[in-house]
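Please read this report alongside the sequence and the coordinates. It covers salt bridges, a metal site, strand pairing, cysteines and domains, in that order.

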Amino acid sequence: MRPGAGGRRNVTNPPWWRNAVIYQVYVRSFADSDGDGVGDLEGVRARLGYLADLGADAIWFTPWYPSPMADGGYDVADYRSIEPAFGTLEQAERLIVEASGLGLRTIVDVVPNHVSSAHPWFVEALAAGPGSPARQKFWFHSGKGPDGGQMPTRWVSSFSGDTWTRTVNPDGRPGEWYLHLFTPQQPDLNWSNPQVRAEHEEILRFWFDRGVAGVRIDSAAMPVKDPALPEVPARPEPGAHPFIDRDELHDIYRAWRAVADSYPDERILVGELWLEDVERFARYLRPDEMHTAFNFDFMARPWEAKELRASIEATLAAHAPTGAPATWVLSNHDVTRPVTRYGRADSSFSFAAKRFGVPSDLDRGTRRARAAALLVAALPGSLYIYQGDELGLPEVEDIPAERRQDPMHYRSGGRDPGRDGCRVPLPWSASNPTAGFSPDAAIAEPWLPQPADWAARSVEQQENEPDSMLALYRAALRTRRTELLTDDFSWLTSSADVLAFRRPANFVCMVNLGTEPVPLPEPAELLLASGPLAEGFLPPDTAAWLRH
Ligand code: GLC
Ligand code: MG
C-alpha cells in the first residue's frame, strides 16, 4: 500500500464512500403508497426528503427484484426488473434520479450465491434433466447410497436443516439432488460456470448504467464451493471450508471491481462478509477487490466497554493495511433491534442464541442505543443505519405465529423467533390504523402486524419532540457532516468503563458504559449528548460529543 493511502489519510475531500452515512431501506416495510399493505418504490420516493433531512448520503435498497418472497426478496427471480408489488423499472429509474437530485446515492443489493427456484435458469434446469448444460449452472448431483436416496453432503443450512433437495426426473422417477445453502427455494449457483460469472457482471453493468453508485453483495463469502463436496471439517483451516471464504472468490470480486472501475465516477462494492478471522476478512478489501465490507463484529458484541474497545481496535487494525475504511453497523434486517438487544442482560448478538421470551428493559435499551448511535457516528469510516433505528423502534416480539413469514423461524421448527420482529412496517404518523405506513384508503393490512403503540413512535410524533431518537440522529449526522471528515482517531486515557477518543479538530467522543457517573473533561464545549448530563458529569449509559 502506498504511504498516505491507508487508514490514516488526512485529506480534505476523501471519496464520498469513505465516510458516508448509508441508510438501509427494507422496501417492503418502509412506506406503502398504494394501500396494499406492502411498502413500495413510490412510498420511498415520497419520503426522499425525509432521508435527505436525516443526513443520509446514500440509500441501500434490500432486493427490489421480482421474487416469490420465500426469503424476503433474497430469492431473486429476475435481476433486471422490479418486484410488481414494489413498482416498475421506470419507477426505480426515476427514484434513482430523484434521490441523486437530493444528494442521495443509490446502492442495490445483488445476490450472487443463489437465485429463486422461480428464476428461468432453474426452471429450465429442472426441465432439461440430468447431464444438461442448464443444470451445470447449479449444483445438481446424484445422491449417495444404492438408490441415490441420501444427500450428497450433510452440510447444514444457515436456516437450519438440510442443504439438498431431491428432484423428480421428467419421467416421474426420483432424480438428482440440488444444493441450497438457504431455503429449497434458493438454489445455489455454480460459480465455476463461465455463464454464471458473465451474467452477474452484466447485471452489475445493468444497474451501474442506471446510475446506481454501488452494490451490496449478499452472502459474499459463500458463492464458491469445493467441487469435491467434502463434509465440513470440525475445525477448517483458513480457506479450507467447503463453502465459506474459498480463495477462488477473490478472482470473482476482482472481475467485479474491474466492472465498477470501468465507470468514470466511483461505483462501489460493499460485501456482506460474516467472517471471524480478521486477516481473512481483510483480504476482500485489497485495493482491487471490494471497497468496503460490513463489520459485524461490533454489532455482535455486548454493551461493555472492554468488548467494544476491543472490537474497535481490532476493526481499525484489520483495515489499516488495506487502506479501506471501516464500516459501523448497529443492526440490519437480519438482527435484533438495538433498543431491545441492549436492554437485555446478555446484550451480545448471535443467530444461534436467538430465542423467545428473553426479557428486555426497553428504557435501559433505549438509553444505550442512543449512546451507541453517538459512538458509531463518531468512529472513522462509513456508517450504516437500518430503517427504524433512527426512531428507536424495538424488536417486535409478539407477532402471532400464523403471521410470521421468515424461513429462519419456521425452518427451525418455531424455536428461532426469526427476523420478522425487525421488519415490521414503519410508523410515519398517527393519521390512520397503520400508523401512516399505508394511505388512509388502504385496502389491506400491513404485511406484518404493527404493535398497538406504533403511532406513538412515529416520525411525525418524534419531529415534535426535541429529545426524541429522531432528533438525536438528525443532530448527530448534521455534526458528523462538518466535523468528522477524515480518518484521524486516537484513544484518550479513561477509566475501564469509559470509551473516550479524539477525532480531528479537538472533537472528543466519550461514552460511559459503567454504572457510576464520570467527570467530563474541562474545559469543554458540549456539542451533543445522548441523554441529560449531571453538572460536569457523564451519567451511565450516556455518550457526549465535546470540543476539548
Ligand atoms: C443475507 C441476507 C439475508 C438473507 C441471506 C440469504 O444474509 O442479509 O436476509 O436471508 O443473505 O440470501
Ligand atoms: Mg404498496
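## A buried salt bridge: D334 and R419

D334 is buried in this predicted model, with a relative accessible area of 7%. Its salt-bridge partner is R419, and the closest N and O atoms of the two are 3.1 Å apart. D334 sits in the loop between β10 (327–329) and α10 (338–341), and R419 in the loop between α12 (407–410) and α13 (459–463), so this salt bridge ties together parts that are 85 residues apart in sequence. R419 is buried as well, at a relative accessible area of 5%. Both values fall below the 20% limit under which a residue counts as buried.

The pair belongs to a network of salt bridges that links D71, D334, D406, R419 and R423. Over the whole structure, the search finds 37 salt bridges.

## Two further salt bridges

R403 and E445 form another salt bridge through their side chains, with an N to O distance of 3.3 Å. R403 is in the loop between β11 (382–386) and α12, while E445 is in the loop between α12 and α13, so the contact ties together parts that are 42 residues apart in sequence. How accessible is E445? E445 counts as exposed, at 56% relative accessibility. R403 is partly exposed, with a relative accessible area of 24%.

E483 and R547 make a salt bridge in which the closest N and O atoms are 2.8 Å apart. This pair links distant parts of the chain: E483 belongs to helix α14 (residues 469–483) and R547 to strand β18 (residues 542–547), 64 residues apart. E483 is buried, with a relative accessible area of 16%, whereas R547 counts as partly exposed at 28% relative accessibility.

## The magnesium site

Which residues coordinate the magnesium ion (ligand 2)? The donors are D32 (OD), D34 (OD), D36 (OD), V38 (O) and D40 (OD), at 2.2 Å. Along the sequence these donor residues follow the spacing D-x1-D-x1-D-x1-V-x1-D.

Accessibility values are available for two of these donors, D32 and D36. D32 is buried, with a relative accessible area of 4%. D36 counts as partly exposed, at 26% relative accessibility.

## Strand β8 and its neighbours

Strand β8 (residues 268–271) is covered on both faces. I268 and V270 are buried on one side, and L269 and G271 are buried on the other.

β8 pairs in the parallel sense with strand β7 (residues 214–217) over four bridges. Within this pairing, G214 has I268 of β8 as its bridge partner. Between β7 and β8 the chain passes through helix α6 (residues 249–261), and this β-α-β crossover is right-handed.

β8 also pairs in the parallel sense with strand β9 (residues 292–293), over two bridges. Here V270 stands opposite T292 in β9. The chain runs from β8 through helix α7 (residues 278–283) to β9, in a β-α-β crossover that is right-handed.

## Cysteines

How many disulfides does the model contain? The count is zero, where a disulfide would need two cysteine sulfur atoms within 2.5 Å. C422 is buried, with a relative accessible area of 1%. C509 is buried too, with a relative accessible area of 0%.

## Domains and S158

The domain assignment divides the protein chain into domain 1 (16–112 + 195–471), domain 2 (120–179) and domain 3 (487–547). Domain 1 is thus given as two segments of the chain. The C-alpha centres of domain 2 and domain 3 lie 57 Å apart.

S158 lies in the loop between β4 (140–141) and β5 (164–168). S158 counts as partly exposed, at 38% relative accessibility. From S158 to A282 the separation is 124 residues in sequence and 23 Å in space, C-alpha to C-alpha.

Technical notes. Residues are numbered from 1 along each chain as its sequence is written. Chains are lettered from A and ligands numbered from 1 in the order in which they are written. This is a predicted model: local features need pLDDT of at least 70, side-chain atom pairs count only at pLDDT 80 or more; totals for chains, interfaces and linings use all residues. Side-chain values use heavy atoms; hydrogens and water are left out. Donors are N, O and S atoms within 2.8 Å of the metal (3.2 Å for Na, K and Ca); water is not among the atoms, so sites may look incomplete. Buried means under 20% relative accessible area, exposed over 50%, partly exposed in between (1.4 Å probe, protein chains only). Domain bounds come from an automatic or database domain assignment. Two strands pair if DSSP finds at least two bridges between them. A crossover is right-handed if, with the strands pointing away from the viewer, the path from the first strand over the helix to the second runs clockwise. A salt bridge is a side-chain nitrogen of Lys or Arg within 4 Å of a carboxyl oxygen of Asp or Glu.
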